Amino acid sequence: MYNTPRPISLLLGFLLCVLAFYPLYGDLVFGSKASFFMSKLTTIVIFAILAMSLDLLVGITGLVSMGHALFFGLAGYVLALASPEYEAASIWYILPLVLLCCAALGAVVAFLTIKTSGIYFIMVTLAFGQMGFYFFNDAEFSGGSDGMYIMLKPDVSLGGIQLLNLDEKQTLYYLSLACMVFVYMVLRMILRSAFGQVLIGIHANEHRVKAIGYNTANYKIVSFVIAATLAGLAGFLAASQYGFVNPSQMGWHTSGYALMMVIMGGAGTIFGPAIGAFVFEILHYVFESFTDHWLMLMGAVMICVVLFLPNGIGGALLSLVQKKETTGEKNDG
Amino acid sequence: MKLTMKTKSFSHSIRQSALAGAMALLVAGTAQAADPVKVGVMLPYTGTYGALGEAITNGMQLAIEENGDKLGGRDVEYVTVDSEANPGKAPQNMNRLISGENVDFVVGPVHSGVAMGMIKMARQEGAITIIPNAGLNAATRQFCAPNIFRTSFSAWQTAYPMGKMAYERGYRKIATIAWNYSFGKESLEAFEEGFKAAGGEVVKQILTPFPKVEFQAYLTEIASLKPDAVFAFYAGGGAVKFVKDYNAAGLKKSIPLLGSGFMTDGTLTAQGEAAEGVLTTLHYADKLDNPKDNAFRKAYMDAYGKEADIYAVQGYDAGQMLVQAMDVVKGNTKDRDALIAALENVKIDSPRGPWHFSKAHNPVQNMYLREVKNGQNVVVEVAAKGLEDPATGCSMMK
Amino acid sequence: MDLATILIQLLNSVQYGLLLFLISSGLTLVFGIMGVINLAHGAMYMIGAYLAYAFVEWTGSLGVAILLGIPVMLIVGIVIERFLIDSLYSRDHLFQVLLTFGLILILNDIQSILWGNDTHGVPIPDMLNGSISLTDNMSYPVYRLAVSVVCLALAIGMYWVIQKTRLGMTIRAGASNREMVESLGINVRTLFTIIFAAGVALAGLGGILSAPLSSVYPGMGDNVLIICLVVVVIGGIGSIKGAFWGAMMIGLVSTFGPVLIPSLSSVMVYLVMALVLLVKPRGLFA
């Protein structure tokens, strides 16, 4: 699983091209809705980043967090609160600040929760998520339950020359896509490193890894901090897209949906959760378009995934490819 | 998000447009004068606020049906999106209506947090937005815009007049209680402003965690404070529970309960005896006994088999407003300035009494003092005539 | 606060705590014995409340609603256990979390289809509709006290069944060693179905008994779920005794907390939970 099989790499490359060339064929295929679908795709890509960051915890390290949306939402609030009211914040200081805050809170939460495991970890992360939700829900300075605006989107310029204009839908779309690829690369790199191997070992058998002499708690904390930071990147993009943040973005439903994307796509495969985000959001959109009872259909899909597709789409793809490879080898021999 | 068929007039084209979206069919993008007017509706149809979304939709459609199902001579097509009362999804849903469906008007939402997300998009994209409920003050204060209208109320309007009413009834020391969320806090602040201006004293403000409905501890605290009266804001399930608990704790006899009108609107059957005698202020009441209200209530009952409530009235007025303004511009939605001017100048003969828009696009309307009698919010007197929100910070006031 | 107020607040804490215990006991029972975490527990509570509304509308009696409602909830529990939960016993908790999250969505939709989205009230039975005066201006509704008595009786009953009876012995044995119990000729499969159905019925009973106290509205289960999880986690997941003391603790915290430190009232219970787990990572009684 540590090296993506070639057919899957090709498939991912193809899907990425489909996304990258959207502006070329969007108008032809979707007509007047093309611009809306580009925004929708941007949102989905951002969720894909969130889901992949969660996969580092769930699929790789084996820490099932039900509070991952905390960092997604926090990033938006940091962006909103730290941006000056009447001028755009420069991305060169605001983005590091956002990520730093998420990493710091991630470290605190990880430090406090890492002693627990299994179902307790799920519940404690849920509790921390709820604490964050209520903190911002009650806070006067951040607009309480109404949320708050980011009046001007972060400014991306160097030496006085504007490099990117985040007000343009297409620019934001490509920025999000680039971030998705970047996060994927980072996670792949982590997976291949010695550090990543220890995380995988912890997932498989923590006692053994401990017995060899590793301080597993520290490894888990670092993993949690990285995941929180990457979730913060997703949150930063999400808040930049519409310029609006609200406590509901860090509620436990958001965390639950992110978890669902991970499982639907295939935990531990990194690319899977991104696919999961697309499938989940597109199904949601289609169901809502056709029926009043989309809740029931979404619930049914979730149950079916758990019952019939436990390794997710990514897992199914991998086993399909591996089966082909083994039969192929037999034929060769 | 949901595109759905609510009535026959919701027409085939909705599903077609959904099809176009989902299945990537080609749709012609150019609109002609003979094309139907597209009204985007963004209201909650699932969850805690589902009943409100339904009443508003019904009310609006009733007003348009009474006009022969036409706006300015053109057919009407509704595009409905379930807001899920989820603020996080609000900009996305709004974007779907504005740039995905190219609607001429957006009507929504119920929830103040969702309104914040909608207003952000409405200000950015310039879409004409009609708010049929959400009462956050900011919508017609610092975030007011030429293309944003509200047919309902501001939180301030529904609570401020009670301050004077309470003082006139001899209450000098009052404790206030509400859910700890923006609308609850705005309601308490408005009441306290009015009550202090009249000369009263607020002995304690209690904010309870939203949306928890366990009030016993707070009632005990109120009992020990012994104020002259209590002013409360709760809505829906929380309002039912609060009013019942207040009564069951025996407090209603010694400490009269006052509230924002939402505490006893749409909830009276569930509250039963417990609500009898509670005084509230709101822009609507039972037994207003004007011909418009009587006709509206009958028509609503005939069409939907349900009693009309305040939410239905607000939806109905949103519909009336569209009917009037579209008649003025003769169905021309292209000339945006003329359309906005027509909307600004509507004079609505509402079941709640006549009202018109302030410069900030919030209704200038009567607020009624109501008392719960035999399961009805019976009007006692007009608490404030032609009350206008102060609209502090709205750039259109100059 | 004067002494009388403190005493009344204590009464409030105990009463709320007992109600919380009733609602969370099913959750901890199912987890402790079967190792299954059921997020749809709150949704079951909601279904119970709506059943109370429907049956009281129909028959006019809360007693009848309880008699009819519990079998309905048992059937719901049996169906869900047999068709959905059964395949999850050997799997990670993660899958239980997701499957039962899916169930929440479905049950919420079923509620909306069957009963609409209006808020309803359920009248308190005439027999219990009085109140007892406590101070010059405060009285206590008899129904609340009656519910407390029922909760207390259930708590004692559950303790007795699990600690002292043969069924309880089997249950405890089944929880610790499934193979051994099966080798004694006891069908663990059926036992698990019974336990899960009982858990669902307890949530439903909580909903039915709370309906006259509270109101019945869409989404009411979501709020209950989170507070139940907090109670169960504080007490130690799976421990009935833990759930009892956890519920009492939350009852105290959410009664006195907001009065003493109003600014922290919303986050207080989560803070307590985090603190407990910091000291005892598996809860107080695990």
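Chain B contains 13 helices and 15 strands, and because its radius of gyration of 21 Å is close to the 21 Å that the globule rule gives for 398 residues, chain B is as compact as a globular protein of that length. The model is predicted, and it scores ipTM 0.90 and pTM 0.91. Chain B touches both chain A, through 37 residues of its own, and chain C, through 36 residues.

**Overall form of chain B**

- Taken along its principal axes, the C-alpha trace of chain B spans about 70 × 40 × 40 Å, and buried residues make up 66% of the 398 residues in this chain.
- When contacts in chain B are restricted to residues at least 6 apart in sequence, 72% of them join residues at least 24 apart.

**The six-stranded sheet of chain B**

- Six strands of chain B form an open sheet with mixed pairing, in the order β2-β3-β1-β4-β5-β6, and its edge strands are β2 (70–71) and β6 (148–150), each of which pairs on one side only.
- The edge strand β2(B) pairs with β3 (residues 74–82) of chain B in the antiparallel sense over two bridges, and within this pairing B:Leu71 has B:Arg74 of β3(B) as its bridge partner.
- Helix α2(B) packs on the sheet, where it touches β1 (37–43), β2, β3 and β4 (105–107) of chain B, and the direction of α2(B) makes about 160° with that of β1(B).

**The β12–β13 hairpin of chain B**

- A hairpin through two residues joins β12(B) to β13(B), and the two strands, β13 comprising residues 353–357, run antiparallel and are joined by four bridges.
- Side chains alternate along β12 (residues 347–350) of chain B, with B:Ile348 and B:Ser350 pointing to one face and buried, whereas B:Lys347 and B:Asp349 point to the other face and are not buried.
- This follows a general pattern, in which the side chains of a regular strand alternate between the two faces of the sheet.
- B:Asp349, which is one of the residues of β12(B) that are not buried, has B:Pro354 in β13(B) as its bridge partner.

**The contact between chains B and A**

- The contact takes 37 residues from chain B and 30 residues from chain A, and on the chain B side α1 (11–23), α3 (90–100), α4 (112–125) and α6 (182–198) each supply at least two residues.
- By residue type, the side of chain B that touches chain A divides into 16 nonpolar, 16 polar and five charged residues.

**The contact between chains B and C**

- Here 36 residues of chain B are in contact with 35 residues of chain C, and the elements of chain B that each supply at least two residues are α2 (50–65), β8 (201–208), α7 (216–225), α8 (236–248), α9 (251–254) and α10 (268–271).
- Helix α7(B) gives the largest share of the side of chain B that touches chain C, namely six residues, and that side as a whole divides into 13 nonpolar, 17 polar and six charged residues.
- Helix α2(B), which packs on the sheet of chain B, is also among the elements that supply residues to the side touching chain C.

**Chains A and C**

- Chain A has 14 helices and four strands, and its radius of gyration of 20 Å is close to the 20 Å that the globule rule gives for 333 residues, so chain A is as compact as a globular protein of that length.
- The C-alpha atoms of chain A fill a box of roughly 70 × 50 × 50 Å along the principal axes, and 54% of its 333 residues count as buried.
- Of the contacts in chain A with a separation of 6 or more, 77% are accounted for by residues 24 or more positions apart.
- The mean pLDDT of chain C is 90, and 99% of its residues reach 70 or more.

Conventions. Residues numbered from 1 in each chain as written. Chains lettered and ligands numbered in written order. Predicted model: local features only at pLDDT ≥ 70, side-chain atom pairs only at ≥ 80, totals over all residues. Contact = placed C-beta atoms within 7 Å. Nonpolar A, V, L, I, M, F, W, Y, C, P; charged D, E, K, R; others polar. Buried ≥ 20, exposed ≤ 12 C-beta atoms within 10 Å, placed from the backbone. Pairing = 2+ DSSP bridges. Rg over C-alpha atoms; globule rule 2.2 N^0.38 Å. pLDDT = per-residue confidence, 0-100. Axes fitted to C-alpha atoms, helices over the stretch in contact; angles between N-to-C directions.
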